[in-house]
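Got your viewer open? Load the model and get ready to click along.

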Amino acid sequence: SLATATVTALHTEADIANLNLGELDITTDEFILDEVDIHIQANLEDDLVKEALKTGVDLRQYSKQRMEGMLSGFQSDLSSISSEIQTLQQQSVSMNVRLKNRQAVRSHLSQLVDELVVPGAMISTILDSPVTEQEFLEQLHELNTKINFAKELSFRETLACSDIQDIVDRLKLKAVSKIREFILQKIYSFRKPMTNYQIPQNTLLKYRFFYQFLLANERTVAKEIRDEYVDTMSKIYYSYFKSYSGRLLKVQYEEVADKDDLMGVEDTAKKDILHGFFSKPSLKSRNTIFTLGQRGAILSPAELEGPILVPHTAQRGDSRYPYETLFRSQHYALLDNGCREYLFLSDFFMVAGNSALDLFNSIMGKTLSMFLKSMSTYVSDCYDSIAVFLCIHIILRFRAITAKRNIPALDKYWEAVLELLWPRFELILEMNISSIRNTDPQKLGVLDTRPHYITRRYAEFSSAIVSINQTFPNERTNALLGQLQIEVENFVLKMAAEFPSRRDQLIFLINNYDMMLSVLMERAADDSKEVEGFQQLLLARTQEFIEEILSPPFGGMIAFVKEAEALMEKGQLDRLKNDEARITQLVRGFSSTWKQSVEAMSQDVMRSFTNFKNGTSIIQGALTQLIQYYHGFHKVLNQPTFRSLAVRSELINLHHLMVEVKKHKPNF
C-alpha cells in the first residue's frame with residue numbers, strides 16, 4: 001500500500017509537471033492533496049495504510065516544496081524570455097532604421113545616377129534629329145537639366161561629375177550650333193522681298209526655349225542672335241514704312257491750304273484760282289479747310305481701326321485723300337506692327353520693363369525718327385488747322401488703345417508727335433484770329449445783308465473744332481475758340497455798321513447770328529459756350545428788329561400806348577384827355593390798314609432772311625408783339641379818361657383780331 005501510494009504520488013508529480021500552466025484552474029497544493037486522500041480512503045482499515053498516511057504527509061510536504069521550486073524556475077525562465085523578446089524588439093527597430101537609411105541613400109544615389117547618366121537616346125537625338133522635331137525639343141530640355149545639375153555638382157566638388165562633363169559639354173556645343181543655325185536662318189528669311197515676316201516670327205515663338213537655352217549656356221551666341229535680329233528688323237521696318245509713307249503722299253489732295261487760306265482773307269482771289277482749275281477731278285471731292293464735312297468720320301471706331309490704305313489701289317482708282325486720312329493709315333500701321341513687335345520681343349527674348357523698351361527702341365527707333373522728321377516737315381508748312389486737329393485726336397485715341405492693350409512701347413513717340421502738332425494748331429488758330437481782327441470791311445466787296453462768307457467760315461470751323469474737342473477736352477483750345485468768337489462778333493458789328501439803315505444792320509446781324517447758331521447746333525452741344533452766346537445775341541437783335549418793322553405801319557399806336565402806360569403808372573393819364581383827334585386817327589387808321597400792313601410786313605421779312613424758319617419765327621414774334629400792343633391800346637381806352645370817346649366803338653375785337661392775325665402766319 002505504501003509502495004502503491006508512493007508510486008501514485010510520483011505519477012501525480014509527473015502529471016503535474018506535464019500540465020499546461022496556461023490552462024490550470026486550481027492550485028498545485030489542492031490537486032496533490034485530493035489525489036492522496038483518494039488512496040487513503042481506499043485503505044483506511046489497514047494499519048499499514050495508516051503508517052503510509054504518516055509517510056504520505058511527509059511526501060506531501062516534499063512534493064509541495066519540489067513543485068514550488070519547479071514553478072520558481074519556470075517563472076525565472078519566463079522572465080528571461082521576456083527580456084529576450086525586448087532585446088529582439090530593440091534589434092528589430094534598429095534594423096528598420098538602418099533599412100530606411102539605406103533606402104533613402106539608394107533614392108538619392110539613384111536620382112544622382114539618373115541625372116548623371118547621359119542616355120544614348122539623348123545623344124542620338126541631339127546629334128541627328130532636326131531642331132524642329134518635338135523629340136529634339138524634349139531632349140534639349142533634358143540636356144539643359146543635366147547641364148544645370150552638373151554645374152551644381154561641380155560646386156559641391158562631386159567626383160562623379162567629371163565622368164560626364166566632357167559628354168555634356170560636347171552635346172551642349174552641338175545643340176548650340178544647331179539652334180544658332182536654325183534661328184539665324186529664320187531671321188535671314190525676313191530679308192526676302194515680299195516676305196510676311198510675321199509667319200517666321202510665329203515659328204520662332206514656338207521654339208522660344210531655344211533662345212532661353214542659349215542665354216543660359218552660351219551668352220555670346222545669344223547676343224549674336226539678338227543683335228542680328230535687331231539689325232534685320234530695324235532695316236525691314238525702316239524700309240517698309242519709308243516706302244509706304246512715300247506712296248501714301250502720292251494719293252494726297254494736290255491742292256492744300258497755304259498761308260493765304262485764313263478766315264479773314266478776301267474770297268475773290270481764291271474764287272479766281274478755283275475757277276481756273278474747276279475742271280480738275282480732285283477738286284470735286286476736295287474738303288475745304290474750314291468745313292469738317294465727312295472728315296470727322298475718321299475718328300469713328302470703324303474708320304479709326306479700319307484697314308490701312310493701299311496706295312497703288314487708290315492710285316488706280318484715281319482717289320485722293322486729305323492728309324489726316326493718310327496720317328491715320330500710316331500711324332495705325334505703326335500701332336499694329338509696334339504692338340506686335342513689342343509682344344514678340346517680350347516673349348521670345350524674355351525681357352520686360354525698361355529692358356523691353358530699350359530693345360524695342362533699338363529696332364523701331366530709326367523708323368520713329370523718320371516719322372517725326374516727316375511730321376516736322378509737314379507741320380512747318382501746314383495751314384489746315386482742321387487736319388492738324390484731327391491728327392491730334394487720332395494720336396490721342398491711338399494712345400488710349402495702346403494703354404488699353406498695356407503696351408508702353410509707343411508712349412514717348414505719341415508725346416513727341418503731340419508736341420509737334422499742338423503748337424502748330426495753336427499758331428494757325430492765332431493766325432486766323434489775327435486775320436479777322438485785321439479785316440477791313442470796306443475791302444470785302446459789295447455789302448449784302450445775307451450771311452457773310454467770313455462768318456460762315458467761322459461757323460463751320462468753330463462747330464468742327466467744338467465737336468471734335470468734346471471727346472478729349474483741351475482748355476487751351478477752348479480759350480483760343482473764345483478769342484476767335486470775340487473777334488468774329490466784333491467783325492460782324494463792324495460789317496453791320498457799314499449799312500446806312502438800322503433796319504439793314506439788324507437784318508445783317510440776325511442773318512449772321514442765325515447762320516452761325518444753326519451750324520454750331522448741328523455739331524456742338526446745346527449747352528456749349530458758343531451756342532449760348534449766339535442765342536443771346538440773336539434774341540436781342542430779333543427783338544429789336546421786331547420793334548423796327550412794327551414802327552412804320554404801327555409806330556403811332558405803339559408810341560401812344562407806351563406814353564399812356566407811362567402816364568398811367570404816374571397817375572397822370574388826364575394829360576392825354578385832349579388827344580381825341582389823335583386817338584380817333586389811330587383807331588381808324590389801324591382798322592383800315594392793319595391787314596395790308598401785316599401782309600406787306602410778312603413778305604418783307606421773308607425776303608430779308610435767308611433762313612425761312614428764322615423768318616417765320618420773326619413774323620410770329622412781330623404779330624404776337626402787335627397783338628400785345630393793341631391789347632394795351634384797348635386797356636388805355638378803357639380807362640375812365642377815354643370812356644366817353646365815340647371812336648371806342650370802332651375798335652376791333654381783340655379775339656377777332658387774333659383769329660385774323662393767325663391767317664397771316666406763314667406756313668414754312
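Here is a short walk through a few helices and one side chain.

This is a predicted model, where local features need pLDDT of at least 70, side-chain atom pairs count only at pLDDT 80 or more, and totals for chains, interfaces and linings use all residues. Residues are numbered from 1 along each chain as its sequence is written, and side-chain values use heavy atoms, leaving out hydrogens and water.

**Stop one: α17.** Select residues 453–469, helix α17 (helices are DSSP runs of H or I, at least four residues, numbered from the N terminus). Is α17 enclosed or not? Of its 17 residues, 15 are buried (under 20% relative accessible area, 1.4 Å probe, protein chains only), so α17 is largely enclosed by the rest of the structure.

**Stop two: add α15.** Now select residues 385–404, helix α15. The axes of α15 and α17 (lines fitted to C-alpha atoms over the stretch in contact, with angles from 0 to 180 degrees between N-to-C directions) come within 11 Å and cross at roughly 5 degrees. That makes the pair roughly parallel (angles under 35 degrees; over 145 is roughly antiparallel). Show F389 and H393 of α15, which are among the residues in contact (heavy atoms within 4.5 Å) with α17, where F461 and I465 take part.

**Stop three: add α16.** Pick residues 411–437, helix α16. Its axis packs 9 Å from that of α15 at about 155 degrees, so α15 and α16 are roughly antiparallel.

**Last stop: Q330.** Find Q330 in helix α13, residues 323–348. Q330 is buried, with a relative accessible area of 10%. Leaving aside neighbours within four places in sequence, Q330 is in contact with F241, Y244, S245, L248 and F371.

Notes. Helices (H or I, at least four residues) and strands (E, at least two) are DSSP runs, numbered from the N terminus. Angles under 35 degrees count as roughly parallel, over 145 as roughly antiparallel, 65 to 115 as roughly perpendicular and the rest as oblique. Buried means under 20% relative accessible area, exposed over 50%, partly exposed in between (1.4 Å probe, protein chains only).
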